[in-house]
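Notebook open, coffee poured. Today I want to look up how one strand sits among its neighbours, and what lies beside it.

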Amino acid sequence: MPIGERTRLHASSKPALDLPPPFRLITLREVGDAFAHAVSVAADEGAGTLVHVGRFDLAEFAVVLEPEEPLHTARRALYAGLTAVADALAVHAPPEKPISLDWPDAVRVDGGLVGGVRLAWPQAADEREPPEWLVFGAMIRIVSLGDEETGVRPLSSALEEEGFDDLGSGALVESFARHLMVAIDTWQEQGFGEVAKSYLARLSPEKGLRRDIDVSGDLLVRRMGKTETERRSLAQALAVPSWLDPATGGPRR
């Protein structure tokens, strides 16, 4: 099993959100940091722990995973999580509203950046051994705060601006959890190739390029008519999230 045995997951007794049975919910107040908190409790709380911050402007959540494969391949969990985020958004999106991804970690709606994801693992983890845990975290902008008018920043957006009527953070997290289980089942039953196919299908299109994901999660890019293959390291790319504004702690604007 690529992510972690379900029998090892903890169930929540009275969840505030309607989550599938394997998940155990931890809810933080608005000032909390879901990703940082999940990292801090991952070793103690274990796989299936889902941390959610109760905010109206952002959907911010993180889940603990316990992979059974070496770290250098286990990082591919990022793609399963991102596929789940994109599929959850697609369920609630207005008709024909495109959901796309920028490799490796950013999420766009109709071309506008709405957020992205992160992945963490123990600092001392051996690349050749299964890590004690992974934490997959996501942040999606629901409402744009401030005095700026829609369209002032054409490269960024929010779900409200894109027509996601009344989609709150909780509903998106619930949908994500279910789609994550689907992605895990797909990985188990059909292999990682099917997860990679779903992820690659959502990458923002670039003409003349063929893109694949190798066993370590690196992106392989080959230009049409060329024999050389460019390798883009997933581990290096995850060191600095492309979508995160370090000044605000939220998605870039």
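I started with strand pairing, keeping in mind that this is a predicted model. Strand β6, residues 112-120, runs antiparallel to β7, and six bridges join the two. I looked up one pair here: R118 has G137 of β7 as its bridge partner.

Next I checked β3, residues 58-65. Eight bridges tie β3 to β7, again in antiparallel fashion. The pair I noted is E60 with M139 of β7.

Then burial. Is β7 enclosed or open? I count β7 (residues 134-141) as largely enclosed by the rest of the structure, because eight of its eight residues are buried. My cut-off for buried is under 20% relative accessible area.

I also split β7 by direction. L134, F136, A138 and I140 point one way, while V135, G137, M139 and R141 point the other way. Both sets are buried, R141 included. That fits the textbook picture: in a regular strand, side chains alternate between the two faces of the sheet.

Last stop, cavities. I found three of 30 Å³ or more. I picked the second largest, which holds about 40 Å³ of space. What lines it? The list reads F35, E60, F61, V117, R118, G137, A138, M139 and W243. So both bridge pairs I had noted turn up in this lining: E60 with M139, and R118 with G137.

Which strand gives the most to this lining? It is β7, with three residues; β3, β6 and β7 each supply at least two. By class, I get six nonpolar, one polar and two charged residues in the lining.

Key:
Residues numbered from 1 in each chain as written. Predicted model: local features only at pLDDT ≥ 70, side-chain atom pairs only at ≥ 80, totals over all residues. Heavy atoms only, no water. Buried < 20%, exposed > 50% of the residue type's maximum accessible area, 1.4 Å probe, protein only. Helix = DSSP H or I, 4+ residues; strand = E, 2+ residues; numbered from the N terminus. Pairing = 2+ DSSP bridges. 1 Å grid on protein atoms, 1.4 Å probe; cavity = no way out; pocket = protein on both sides within 12 Å on 5 of 7 lines; lining within 4 Å. Points joined across faces, edges and corners; volume = space filled by probe spheres on them. Nonpolar A, V, L, I, M, F, W, Y, C, P; charged D, E, K, R; others polar.
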